[in-house]
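Reader: I would like a close look at one part of this model, the pairing of its strands, and then a careful account of how that part sits within the rest of the chain.

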Amino acid sequence: MVPRPVINRLNRKNPTGPNVNANQNVPFWRAKPLSELSLQEWESLCDGCGRCCLEKLEDFETGAISYTEVACPQLNPDTCRCANYAERHRYVPDCVPLSPANIQDLKWMPSTCAYRLLAEGKDLYDWHPLISGDPGTVAVAGISVRGRCVAAHDAGDLENHIVAWPE
Ligand code: SF4
Ligand code: SF4
């Protein structure tokens with residue numbers, strides 16, 4: 001078996017600029033660390049799974065985070081996208097903005113999330129739209145929350161909705 005090359009995107013010692021490896025057709029998420037991505041490139045990494053937009057519970061004593069199947073009130077359950085992304089902090093003040101600076105600290109981000117994967121030096125899964133070319137592969141692979149989440153107004157006590165699959 002031929003060993004696969006390991007690319008550590010966050011620890012590149014001598015990046016030569018945004019076009020590094022451009023002649024080798026290396027996709028941008030492998031060619032550049034997260035901190036060097038354009039806003040468009042950064043936004044395109046979101047696969048639209050909606051997992052990070054599920055309500056979570058934090059244990060006050062241990063700090064442990066538990067995912068629930070309950071969707072944030074701003075999450076559109078059909079598109080799995082935020083209904084008011086640009087103004088989301090007006091409606092959900094504690095929605096955490098992701099950035100290259102904080103992604104490594106957000107340990108509760110789903111293990112399938114592209115930002116977490118790249119921050120951990122891993123690659124995207126083949127169902128990611130940037131690789132498959134089809135946004136629908138996120139649902140086909142069972143990653144999307146579409147059809148699996150509960151609306152906040154129907155949920156009642158969040159503790160009755162703790163689930164393990166989003167992690
Ligand atoms: S978990 Fe990651 S990839 Fe999925 S919607 Fe949230 S930010 Fe996007
Ligand atoms: S406000 Fe929007 S982006 Fe933030 S958690 Fe809710 S649905 Fe997700």
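Author: In this predicted model, a convenient place to begin is Lys56, whose bridge partner in S2 is Tyr67. That pair belongs to a set of 4 bridges that join strand S1, residues 54-58, to strand S2, residues 65-71, and the two strands run antiparallel. S1 and S2 form a hairpin with 6 residues between them, and in the turn Gly63 has a positive phi of about 80 degrees.

A second positive phi is found at Cys80, where the angle is about 60 degrees although the residue is not a glycine. Most residues other than glycine have a negative phi. Cys80 has its place in the loop between strand S3, residues 75-76, and strand S4, residues 81-82. Is Cys80 buried or exposed? Cys80 is buried, because 24 other C-beta atoms lie within 10 Å, where 20 or more are needed for a residue to count as buried.

The strands also lead to the ligands. The shell around ligand 2 is made up of Cys53, Cys72, Gln74, Leu75, Cys82, Arg88, Val92 and Cys95, and these residues divide into 6 nonpolar, 1 polar and 1 charged. Ligand 1, for its part, is surrounded by Cys46, Asp47, Gly48, Cys49, Gly50, Arg51, Cys52, Pro110, Cys113, Ala114 and Tyr115, a shell that divides into 7 nonpolar, 2 polar and 2 charged residues.

Seen along the whole sequence, the chain has 7 helices and 4 strands, and these follow the pattern α-α-β-β-β-β-α-α-α-α-α, with the four strands placed between two helices and five helices. Of the 167 residues of the chain, 23% count as buried, and Cys80, with its 24 other C-beta atoms within 10 Å, is one of the buried residues. Among contacts between residues at least 6 apart in sequence, 54% join residues at least 24 apart.

A separation of a similar kind, although given here as a C-alpha distance, can be followed from Pro27, which lies in the segment before helix H1, residues 28-31. Pro27 and Ile131 are 104 residues apart in sequence, yet 9.5 Å apart in space from C-alpha to C-alpha. Pro27 itself is partly exposed, because 13 other C-beta atoms lie within 10 Å, a count that falls between the 12 or fewer of an exposed residue and the 20 or more of a buried one.

Note on methods
Residues numbered from 1 in each chain as written. Chains lettered and ligands numbered in written order. Predicted model: local features only at pLDDT ≥ 70, side-chain atom pairs only at ≥ 80, totals over all residues. Near = placed C-beta within 6 Å. Nonpolar A, V, L, I, M, F, W, Y, C, P; charged D, E, K, R; others polar. Contact = placed C-beta atoms within 7 Å. Pairing = 2+ DSSP bridges.
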